[in-house]
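Subject: Model for you to look over

Dear colleague,

I am passing on the structure below, and I would be glad if you could read my notes beside it. They begin with a question and then take the two DNA strands in turn.

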Number of protein chains: 2
Amino acid sequence: MSQTVDRALSILPLLAEGPADLGQVADRLGVHKSTALRLLRTLHEHGLVYRQSDQRYRLGARLFALAQEAMENLDIREIAHPHLTRLNESCGHTVHLAVYEEGEVLYIDKVESRYPVRMYSRIGKPVAITVAAVAKLLLADLPEAERRAVAEKLEYPLYTARSTPNAPAFLKELATVREQGWATDLGGHEESINCVAAPVRGADGRVVAAMSVSAPNVVVTADELLTLLPLVRRTADAISGEYSGRTPVTTPATTPDRDSV
Amino acid sequence: MSQTVDRALSILPLLAEGPADLGQVADRLGVHKSTALRLLRTLHEHGLVYRQSDQRYRLGARLFALAQEAMENLDIREIAHPHLTRLNESCGHTVHLAVYEEGEVLYIDKVESRYPVRMYSRIGKPVAITVAAVAKLLLADLPEAERRAVAEKLEYPLYTARSTPNAPAFLKELATVREQGWATDLGGHEESINCVAAPVRGADGRVVAAMSVSAPNVVVTADELLTLLPLVRRTADAISGEYSGRTPVTTPATTPDRDSV
DNA sequence: ATGAGCATTGCAACATACGCAACGTACTTG
DNA sequence: CAAGTACGTTGCGTATGTTGCAATGCTCAT
């Protein structure tokens with residue numbers, strides 16, 4: 001809606017692909033070099049863009065700080081965290097918390113497995129949306145129309161033989177998930193990794209987040225992991241209760257352990 | 001330099017403090033609501049801003065994706081990573097990699113300790129710049145003038161009794177670090193945690209990054225940690241060699257293990 | 001029902017962001 | 001060593017995009 005700002009912001013994804021010099025930026029924006037220079041300078045002043053020693057531009061450090069602060073301000077994360085660590089303590093596996101936002105699903109918290117094997121996932125990293133158990137829960141709760149729209153627009157990469165192959169299959173899976181109130185990912189993202197997930201709901205019953213427990217086959221089989229389902233659901237429900245204000249902060253030990261030492 | 005973009009970008013740090021509605025944004029920017037609305041809409045279209053259910057605005061998911069991509073494009077990180085994991089394998093402690101950028105020092109990679117105790121630090125998180133060993137190395141290498149300017153502008157929070165108290169003390173410490181070519185943080189950030197750090201240098205000898213090994217007192221004493229110094233320096237030098245092209249990718253096993261599974 | 005508080009729209013006046021062309025500064029090439 | 005190329009940078013007149021206003025919708029509480 002604002003041409004100037006629009007152009008300036010278009011520079012960011014462009015630089016995300018890799019460093020670029022003034023000419024390249026101007027070309028890709030379709031504007032004169034002097035215009036691109038002015039925009040880059042403004043971005044630079046705000047720290048969103050950094051000028052490296054060879055004069056080329058790349059994304060700046062302030063982006064990290066912003067992303068970080070954005071995350072810390074999510075109250076669902078704050079409420080959920082102690083529950084997640086407690087769940088991790090009792091089962092030992094990797095625990096994730098994720099939210100949906102305009103077509104994307106992203107992890108907003110993670111407690112690492114206490115087994116030596118680690119999963120590749122990082123807070124802030126967009127989730128493999130077509131296969132992840134948490135993504136299924138979050139998308140399953142969208143209004144019919146939006147759900148269809150999102151499902152159609154997605155790509156369906158075949159990470160493994162068990163990955164969701166296309167939109168119809170995905171929508172069918174979402175219907176099941178919606179029905180049963182929990183979800184799994186059995187080797188759909190990485191052959192040897194399984195997940196069980198449950199939804200966190202707000203006061204109005206809408207799904208505001210989803211949490212999952214993930215473990216590789218080498219540690220527990222899919223069947224064994226599924227036995228954790230009740231525990232996962234109970235944890236998710238506890239978070240829901242607290243988030244929606246029904247449970248007025250139960251345990252006295254809810255405050256301390258934010259951020260593992 | 002561009003008023004419109006400048007205003008739009010000023011919204012981001014503002015929202016980083018927490019969600020705000022249109023009126024608040026307009027007020028803090030000192031512009032009319034209609035103006036603020038147009039800017040917010042543009043930010044929204046680019047995914048940098050999200051409109052939550054109560055109509056208030058907060059920072060959006062795209063920020064994470066951008067920060068993520070920005071990080072993956074840092075070639076120093078790519079080169080260093082296998083060395084960091086190898087170092088972690090041989091000593092077991094937490095290993096960090098950090099860079100300096102316009103007044104800030106930030107972690108760009110981290111390999112977790114193999115001991116049960118974890119440190120609170122996160123990739124992308126700004127470093128405690130006045131005390132961290134890596135920060136000392138990075139700042140010590142700045143040109144005299146810039147170093148002084150930065151040191152003067154910093155705040156010196158007293159995390160512990162051993163924290164750097166003020167600018168003169170900091171500059172003195174930087175001089176020492178510059179001299180000896182390595183740095184430590186002995187309980188300056190958290191009472192019980194010590195670090196040893198060494199610089200990574202580019203072809204021209206300038207410090208481009210710094211790496212450190214950190215461990216809590218309960219695992220090893222400061223003296224014991226210091227015995228790792230030669231190993232840390234050797235690792236840093238190996239990275240330097242590879243980064244500056246002197247060592248044309250030594251080990252055949254340099255390619256695989258990006259991102260632990 | 002009535003009003004307050006908020007987001008939203010259309011529009012005319014003006015400020016500002018635009019592209020141009022000229023200059024400066026490396027770095028190459030004959 | 002001089003001419004040439006390829007950048008980034010600057011100043012400036014003009015047109016275009018942005019601004020603030022005032023009026024309209026919308027939602028919620030009284």
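Which elements of chain A and chain B each supply at least two residues of the surface near DNA strand C? In this predicted model, they are α1 and α3 of chain A, together with α1, α2 (22-29) and α3 of chain B. Among these, α3(B) gives the most to that surface, with 4 residues.

There are 20 residues around DNA strand C, and those that come nearest are T35(A) from one chain and Q3(B), T4(B), L37(B) and R41(B) from the other. Of the atoms of this strand that come within 4 Å of the protein, 75% belong to sugar and phosphate. Two contacts with phosphate oxygens of DNA strand C may be worth checking on your screen: a polar side-chain atom of R38(A) lies 2.9 Å from one such oxygen, while a polar backbone atom of G23(B) is 3.4 Å from a phosphate oxygen. A base is also reached, since an N or O atom in the side chain of K33(B) is 3.3 Å from a base nitrogen of DNA strand C. Sorted by class, the surface near this strand has 10 polar, 6 charged and 4 nonpolar residues.

Turning to DNA strand D, there are again 20 residues around the strand, of which T4(A), R41(A), S34(B), T35(B) and R38(B) come nearest. Sugar or phosphate accounts for 69% of the atoms of DNA strand D within 4 Å of the protein, and the rest belong to bases. Three side chains of chain A place an N or O atom beside a phosphate oxygen of this strand: R41(A) at 2.6 Å, R51(A) at 3.0 Å and S2(A) at 3.2 Å. The elements that give two or more residues to the surface near DNA strand D are α1 (3-16), α2 (22-29) and α3 (33-45) of chain A, along with α1 (3-16) and α3 (33-45) of chain B. Here the largest share, 4 residues, comes from α3(A), and by class the surface near DNA strand D holds 4 nonpolar, 10 polar and 6 charged residues.

Set side by side, the notes show α3(B) giving the most to the surface near DNA strand C, and α3(A) contributing the largest share near DNA strand D.

With best wishes

Methods. Residues numbered from 1 in each chain as written. Chains lettered and ligands numbered in written order. Predicted model: local features only at pLDDT ≥ 70, side-chain atom pairs only at ≥ 80, totals over all residues. Heavy atoms only, no water. Near = heavy atom within 4 Å. Polar contact = N/O pair within 3.5 Å; in protein donor to acceptor, adjacent residues only side chain to side chain. Nonpolar A, V, L, I, M, F, W, Y, C, P; charged D, E, K, R; others polar.
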